[in-house]
Amino acid sequence: MSKVLNSNPSGANAGEGESMSDELFSSPFLWQKQRRDDISAASDAHAVVLQPIGSIEQHGRHLPLDTDSWTAGVICVRAAALAGELPVLVLPPVWWGLSPYWMTFAGTVSLRVETILALLGDIAASVREHGFDRLVLVNGHGGNSGLIEAMAAQLSDERLRVAAVSYWKLAPETIVSVSEVDHGSSGHSGEMETSIQLYLQQSTVDLGRLEARDCTDIDVRAKLVGGTAAYLPPNPGGESPSGVYGAGYAGTAEKGKHVVEAASIGLAEFVKKFWAAYRASNSAAAG
Ligand SMILES: [Zn+2]
């Protein structure tokens, strides 16, 4: 079966810097750019649907508010391009997430848990209604992690299987290997996020506004949770008055490129397995 959508061989290898800044809006795999019959054909081909979700929240003085949504969205369209013949569609990003702890900084727009559950639930119901059977929630914001996993559990049934993944879990070894200061931690507006934005949307980054003394040492978080896997939301008032966790000043576009490319490959690999696994089980059930 050929890929349902009009292919764009360059999609996975967009140019460097600002030339690729619009890939989130120009990818041929965007759900909203298809015609009605294209969606039916994609559904018939059991296309995997990707739903990026991020946040609109303060990211220090130096990064744009849409850092998390932009990252998740680009990784989705790159993964769609990397999936080869396998049909993939990328829904418009859910731009907002759960960010109540950043509300004390200008610009943060946080949804309530109930709103996010309702929003993702309605989107999934629509995807299901059109006959799709595989949906992946692809997250770019730490505060959403628990929510998207809960949604995957609640929304999945025999007909529609829903998976959830945060992009930094798609490339853990790469993040560690490129990290010079933050030990591979994602932090917040630290080394990793700054690197990714320098790579994906450099014109929105202003490193001149960031002072190294504003970057709370990433180890503060590690000490708080004592090396356990406990989740503890950011607490800027008590830990990071600047709203930055990690070494934003250590960010480079080159590091960001490695992370985005590795996460995109990781997502494409997952999508392939997800698609194949359920095809196999459906065939077995049918047989
Ligand atoms: Zn972020």
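A crossing of two helices is called left-handed if the near helix is turned anticlockwise from the far one by less than a right angle, and right-handed if clockwise. With that convention in hand, the tour can start in this predicted model at a pair of helices to which the term applies.

**First stop: α3 and α7**

Select residues 67-82, which form helix α3, together with residues 191-200, which form helix α7; the two pack at an angle of about 65 degrees, and their axes are 11 Å apart. Looking from one helix through to the other, you will find that α3 passes α7 in a left-handed crossing. To display the contact itself, show T67, W70, T71 and V74 on the α3 side and E193, I196, Q197 and L200 on the α7 side. Sorted by class, this contact has 4 nonpolar, 3 polar and 1 charged residues.

**Stepping back: the whole chain**

Now colour the protein chain by secondary structure, which comes to 9 helices and 4 strands. Following the chain along its sequence, you pass through the pattern α-α-β-α-β-α-β-α-β-α-α-α-α. The chain has 287 residues, of which 47% count as buried, and among contacts between residues at least 6 apart in sequence, 79% join residues at least 24 apart.

**The sheet**

Hide the helices for a moment and keep the strands, where 4 of them form an open sheet in the order β2-β1-β3-β4, with parallel pairing. At the edges stand β2 (88-90) and β4 (161-166), each with a single partner strand, so one side of each is left without a neighbour in the sheet. Neighbouring strands of the sheet are turned against each other by 20 degrees on average, if direction is ignored.

Select next β3, residues 134-139, which pairs with β4 in the parallel sense over 6 bridges; β1 is likewise joined to β3 by 6 bridges, and these two strands also run parallel. How many of the residues of β3 are buried? The count is 6 of the 6, so β3 is largely enclosed by the rest of the structure. If you show the side chains, R134, V136 and V138 point one way from the strand, whereas L135, L137 and N139 point the other way, and all are buried.

Individual bridge partners can be picked out across the strand: L137 has A164 of β4 as its bridge partner, while N139 stands opposite S166 in β4 and is also the bridge partner, within β3, of I53.

**From β3 into the loop: N144**

Moving on from β3 towards α5, select N144, which is found in the loop between these two elements. Is N144 buried or exposed? N144 has 28 other C-beta atoms within 10 Å, and since 20 or more make a residue buried, N144 is buried. Leaving aside its neighbours within four places in sequence, N144 is in contact with I53, G97, L98 and N139, and so I53 and N139, the bridge partners from the previous stop, come back into view here. Add S99 to the selection as well: N144 and S99 are 45 residues apart in sequence but 8.4 Å apart in space, C-alpha to C-alpha.

**Helices α5 and α4**

Bring back helix α5, residues 145-155, which lies across β1 (48-53), β3 and β4 and runs at about 170 degrees to β4. Then add helix α4, residues 113-129, which packs with α5 at an angle of about 45 degrees, the axes being 11 Å apart; α4 and α5 are therefore oblique to each other. The crossing of α4 and α5 is right-handed. In the contact, V113, I116, L117, L120, G121 and A124 in α4 meet L147, M151 and L155 in α5, and by class it has 8 nonpolar, 1 polar and no charged residues.

**Last stop: two loop residues with positive phi**

Most residues other than glycine have a negative phi, which makes the backbone at two positions worth a look. H46 has a phi near 60 degrees and lies in the loop between α2 (36-44) and β1; with 18 C-beta neighbours inside 10 Å, H46 counts as partly exposed. S189, in the loop between α6 (172-178) and α7, likewise has a phi near 60 degrees, but with 29 C-beta neighbours inside 10 Å S189 counts as buried.

Definitions and conventions. Residues numbered from 1 in each chain as written. Predicted model: local features only at pLDDT ≥ 70, side-chain atom pairs only at ≥ 80, totals over all residues. Pairing = 2+ DSSP bridges. Axes fitted to C-alpha atoms, helices over the stretch in contact; angles between N-to-C directions. Contact = placed C-beta atoms within 7 Å. Parallel < 35°, antiparallel > 145°, perpendicular 65-115°, else oblique. Nonpolar A, V, L, I, M, F, W, Y, C, P; charged D, E, K, R; others polar. Buried ≥ 20, exposed ≤ 12 C-beta atoms within 10 Å, placed from the backbone.
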